[in-house]
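Reader: I'd like to go through this model with you, one question at a time. Could you start with the terms and then move on to the chains?

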Amino acid sequence: MNNNMEVSIAGITLKNPVTTASGTFGSGREYSEHIDLNCLGGITVKGISDEPWKGNPVPRIAETRGGMLNSIGLQNPGVKHFIDNDIPFLRQYDTKIIVNICGHTLTQYCSVAERLSNCDVDLLELNISCPNVEEGGLSFGTKPHVVESVVKAVRHYAKQPLIVKLSPEVTDITEIAKAAVSGGADALSLINTLRGMKIDIRNRKAILANKIGGYSGPGIMPIAVRMVYEVCKAVDMPVIGMGGISSFEDALEFIMAGATAIAVGTATFNNPYATVEIIDGIQQYMAENHIASIDKIRGIID
Amino acid sequence: MSTYGIATICNNMEIVSGIWQMELYAPRIAAEAIPGQFINLYSDDNTLLLPRPMSLSAILSDRLQIIYRIVGKGTKQFSALHRGEQIKIMGPLGNGFMLPDVQKHSIVIGGGLGIPPLLELVRQLKGKTDAFLGFSQKPFLTENFEQLGASVYVATQDGCNGYRGNVMELLENTASDGDIIFACGPRPMLRSVSEWAGRHSIPSQLSMEERMACGLGACLGCVVKVQRKGADDWEYLKVCKDGPVFWGAEVIWDE
């Protein structure tokens with residue numbers, strides 16, 4: 001049986017629904033020694049800003065029971081470096097390039113989108129949900145009217161379809177999703193991390209230098225599945241679901257909740273093969289259950 | 001090029017209270033590894049999400065040796081593994097020490113669990129080696145350094161062996177006229193080493209440590225502040241990928 005794993009996001013066809021979550025996969029290069037990047041539906045690269053960002057002080061990482069906290073602060077070498085080095089590298093592979101863009105100000109977001117407008121990348125992902133930067137990031141992603149105006153402004157400069165990445169740290173995620181749609185989003189991705197904290201009781205100090213960081217891992221998955229379900233019911237827009245996915249079963253939960261594609265993040269740290277194992281698992285599930293196309297199971301939860 | 005796969009445990013034993021030595025059959029990694037590089041060990045326990053980075057105390061023809069202290073649940077589980085059991089590993093990771101082309105007089109400075117990677121380094125160094133080894137309590141591996149021909153100087157915090165005090169005081173009190181320094185140990189010790197090296201105009205290579213997630217440069221979790229070349233500015237470099245070994249003169253110690 002020839003089961004079709006292809007999915008489409010804003011007119012861009014991914015060979016399968018499995019992508020990488022921004023910030024967990026570098027620019028793809030780092031994992032290319034271990035997995036065949038051609039297998040992936042898409043690679044979402046680490047957040048890119050207009051100028052290089054230094055990031056936060058260390059420690060930036062804390063392990064929690066079954067999960068982790070990070071406070072990287074979007075350290076990155078800037079959009080010029082990305083264009084010169086990473087696009088040519090990624091284009092050697094048959095996979096879609098999704099560029100996560102970040103900024104401290106609206107002008108900076110727009111500047112990155114503009115710089116990428118004539119570049120050979122497939123999709124942009126607007127990061128208005130990072131909890132680890134003081135300006136920009138989450139502060140742009142929690143009020144509907146701000147979300148709408150940011151999306152509208154960046155939409156003006158972006159030539160590629162624009163995915164808006166949402167934070168779970170809101171009272172009603174559907175309001176934010178609707179605002180992003182009104183602003184001109186072509187797709188949504190959710191969820192980003194939740195703010196968390198871990199204390200070293202022997203040293204009586206927070207482990208992270210910034211004290212608070214973004215919590216990720218399997219513990220956040222039920223929250224993410226619920227939010228993807230709510231958003232898919234509320235807006236007619238492709239959704240990339242993410243948050244704690246570590247197996248094909250997890251990925252299928254998101255698809256049944258309504259996601260068009262999914263992203264694997266923290267699981268890759270635990271298992272460098274997580275993405276490819278999930279692709280194989282979905283394929284096998286489809287074959288065993290005689291599912292001809294992913295569309296047949298998408299959003300089947302009432 | 002690093003490899004991810006399964007390694008078989010050849011032996012795993014406690015060498016001194018709370019400190020264990022494990023030997024793993026991992027021919028592909030052993031064939032490529034150089035001193036100062038590390039491996040990731042992956043726990044099967046899914047409450048422990050992140051791999052544990054471990055430096056290599058010996059690189060044999062088809063095996064690797066690590067020395068680790070039981071500090072938490074992960075290392076406790078590793079200590080329960082028996083000969084013949086398997087574990088997922090990735091490596092070799094990081095840059096490793098840059099070995100001099102010409103014969104030098106090396107000063108090797110280690111503190112606690114920073115000492116094991118220096119053992120493989122000394123095995124591969126040519127020329128005279130002075131090894132300054134600092135411990136909080138009972139020393140370990142000192143005989144192994146002696147067997148490799150190094151002149152060994154021991155400092156212990158509790159005074160149970162050798163000089164009572166820290167390894168930097170011992171270094172100050174010992175006439176050593178080496179021309180290159182290699183060091184691994186706690187951050188305050190490495191800072192002292194780089195300052196001492198600066199005062200004596202000796203180049204120093206420091207193997208740094210930081211909390212890591214991926215271990216291969218993707219997440220930017222483990223960084224160290226380093227002076228940018230030719231600029232009055234600094235940048236965060238990745239301990240796992242750009243390091244763990246950095247030139248002491250380039251590291252900025254203000255955080």
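Author: Sure, terms to begin with: helices (H or I, at least four residues) and strands (E, at least two) are DSSP runs, numbered from the N terminus. This is a predicted model, where local features need pLDDT of at least 70, side-chain atom pairs count only at pLDDT 80 or more, and totals for chains, interfaces and linings use all residues. Residues are numbered from 1 along each chain as its sequence is written, while chains are lettered from A and ligands numbered from 1 in the order in which they are written.

Reader: How many helices and strands are there in chain A?
Author: Going by those DSSP runs, both kinds of element turn up in chain A. The count is 8 helices and 16 strands.

Reader: What radius of gyration does chain A have, and what would a compact globule have?
Author: The radius is taken over C-alpha atoms, and the globule rule is 2.2 Å times the number of residues to the power 0.38. The C-alpha trace of chain A spans about 55 × 50 × 40 Å along its principal axes. With 302 residues, a compact globule would come out near 19 Å, and chain A agrees with that at 18 Å.

Reader: Is Trp53(A) buried or exposed?
Author: Trp53(A) sits in the loop between strand S4 (42-44) and S5 of chain A. A residue is buried if 20 or more other C-beta atoms, placed from the backbone, lie within 10 Å of its own, exposed if 12 or fewer, and partly exposed in between. Trp53(A) has 22 C-beta neighbours inside 10 Å, so the verdict is buried.

Reader: Which residues does Trp53(A) touch, not counting those up to four places away in sequence?
Author: A contact means that the C-beta atoms of two residues, placed from the backbone, lie within 7 Å. With that cut-off, Trp53(A) touches Leu74(A), Gln75(A) and Asn76(A).

Reader: Which strands stand at the edges of the open sheet of 4 strands in chain A?
Author: Two strands pair if DSSP finds at least two bridges between them. This sheet runs S5-S6-S14-S11 with antiparallel pairing. Each edge strand has a single partner strand, so one side of it lacks a neighbour in the sheet; the two are S5 (61-64) and S11 (194-197) of chain A.

Reader: In S14(A), what is the bridge partner of Leu69(A)?
Author: Strand S6 (residues 67-70) and strand S14 (residues 212-216) of chain A pair in the antiparallel sense over 3 bridges. Opposite Leu69(A) in S14(A) you'll find Tyr215(A).

Reader: Over to chain B: what is the order of its open sheet of 7 strands?
Author: Pairing here is antiparallel. Strands S4 (52-55) and S5 (58-59) of chain B stand at the edges, each with a single partner strand. Reading across, the order is S4-S3-S7-S1-S2-S6-S5.

Reader: Which residue in the turn of the hairpin of S1(B) and S2(B) has a positive phi?
Author: S1 (residues 3-16) and S2 (residues 19-25) of chain B pair over 7 bridges in the antiparallel sense. Among the facing residues, Asn11(B) stands opposite Glu23(B), and Met13(B) has Gln21(B) as its bridge partner. The hairpin has 2 residues between its strands, and the one with a phi of about 85° is Gly18(B).

Reader: Which residue in S6(B) stands opposite Leu24(B)?
Author: S2(B) also pairs with strand S6 (residues 63-69) of chain B, antiparallel and over 7 bridges. The residue opposite Leu24(B) is Leu64(B).

Reader: How many residues does the contact take from chain B and from chain A?
Author: Both chains contribute to the contact. The numbers are 25 residues from chain B and 28 residues from chain A.
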